[in-house]
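This report walks through one protein model, from confidence to fold to individual residues. Please look at the structure first.

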Amino acid sequence: MLGFGRKQPPNLPGPIVSPRYCTDRYKPSYPHVGLYDCRDSKVWICKPLSGQAIRTAHARLITGCDNATGTVWKDRFLCFWFYTPDTGDGLILGQKLNWEEGHLLVRIDPQWDYDRQRLITSEMTSQVQENLQRQFAYGQRILEFYCECNLPHPANLHFIGQRADESVFNYKRLEASA
């Protein structure tokens, strides 16, 4: 009555993508990191940032986050990396890639449910498999985003887990636009 009671915390909307660092448009010209918002079904990519878009931490793309504290905030976002031709090198989890082509690397986690924001124990094998299928569908939606950008070069979709045995390389190929 006199204002001495407990105040209700403000209704926080949760993590959102920073318009300072991200855009939902892409001109096929630079390698970058990106986020797929599983709740809003939207692809966000890092702006060029003076040629540093591929080196930017995913957590940095979310408002109120920094590289050290933002990992919890990105639990509803599927992270990905997009390499244009001749911008990557070396092996990815022991797998050799043809770096003369584009590569879309989508991070998957069999045990993290991005939709429900919860952990799935490895013993729940059917739920883990259903979860992976949803993540594969999200990865295909990200690839469709790039298809709509009329890429002038072929690109390959790969799903990257923590270990090579959790990864799926060369899942799908997108041919160059004519």
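pLDDT is the predictor's confidence in each residue, from 0 to 100. That score comes first here, as this is a predicted model.

**Confidence**

The protein chain has a mean pLDDT of 87. Of its residues, 85% reach 70 or more. One stretch fares badly: over residues 7–12, pLDDT stays under 50. For residues 7–12 the model has 0 contacts beyond four places in sequence. Among the elements, β10 has the highest mean pLDDT, 97, and strand β9 (residues 118–119) the lowest, 92.

**Fold**

The chain holds 1 helix and 11 strands. Along the sequence, the pattern reads β-β-β-β-β-β-β-β-β-α-β-β. Of the 178 residues, 44% count as buried. Contacts often span the sequence: among those between residues at least 6 apart, 56% join residues at least 24 apart. The accessible surface comes to about 10,400 Å². Carbon and sulfur atoms account for 51% of that surface.

**Cores**

In soluble globular proteins, nonpolar side chains tend to be buried together. Here the largest nonpolar core has 39 residues. Which of them touch the most other members? They are Tyr26, Ile45, Phe80, Leu104, Val106, Ile142 and Tyr146. Two or more residues each come from β2 (32–37), β3 (42–46), β4 (77–83), β7 (102–107), α1 (125–148) and β10 (155–160). The largest share, 7 residues, comes from α1. Apart from this core lies another, of 8 residues, including Tyr83, Ile92, Leu97 and Trp99.

Isoleucine 142 shows the packing at residue level. Beyond its neighbours within four places in sequence, Ile142 is in contact with Tyr36, Val43, Phe80, Leu104 and Val106.

**Strand β10**

Is β10 buried or exposed? It is mostly covered, with 6 of its 6 residues buried. Ala155, Leu157 and Phe159 lie on one side, and Asn156, His158 and Ile160 on the other; both faces are covered. β10 also pairs with two strands, as the table shows.

| Strand paired with β10 | Bridges | Direction | Residues standing opposite |
|---|---|---|---|
| β7 | 6 bridges | parallel | Leu105 and His158 |
| β11 (168–174) | 4 bridges | antiparallel | Phe159 and Val168 |

**Two loop residues**

Glutamate 101 sits in the loop between β6 (95–96) and β7. Why does glutamate 101 count as buried? Its relative accessibility is 15%, and buried means under 20%. The side chains of glutamate 101 and arginine 173 are joined by a polar contact of 2.7 Å. Leaving aside neighbours within four places in sequence, glutamate 101 is in contact with Tyr83, Thr84, Pro85, Pro154, Asn156 and Arg173. Among these contacts, Tyr83 is a member of the 8-residue core, and Asn156 is a buried residue of β10.

Proline 48 lies in the loop between β3 and β4. Why is proline 48 partly exposed? Its relative accessible area is 43%, and the partly exposed class runs between 20% and 50%. Leaving aside neighbours within four places in sequence, proline 48 is in contact with Tyr30 and Ala53. Proline 48 and tyrosine 21 are 27 residues apart in sequence. In space, they are 8.6 Å apart, C-alpha to C-alpha.

Conventions. Residues are numbered from 1 along each chain as its sequence is written. This is a predicted model: local features need pLDDT of at least 70, side-chain atom pairs count only at pLDDT 80 or more; totals for chains, interfaces and linings use all residues. Side-chain values use heavy atoms; hydrogens and water are left out. A nonpolar core is a set of buried Ala, Val, Leu, Ile, Met, Phe, Trp, Tyr and Cys residues joined through side-chain atoms within 4.5 Å. Buried means under 20% relative accessible area, exposed over 50%, partly exposed in between (1.4 Å probe, protein chains only). Contact means heavy atoms within 4.5 Å. Two strands pair if DSSP finds at least two bridges between them. Accessible areas come from the Shrake-Rupley method with a 1.4 Å probe; for residues, only the protein chains shown count as cover. A polar contact is a pair of N or O atoms within 3.5 Å; within protein, one must be able to donate a hydrogen and the other to accept it, and residues adjacent in sequence count only if both atoms are side-chain atoms.
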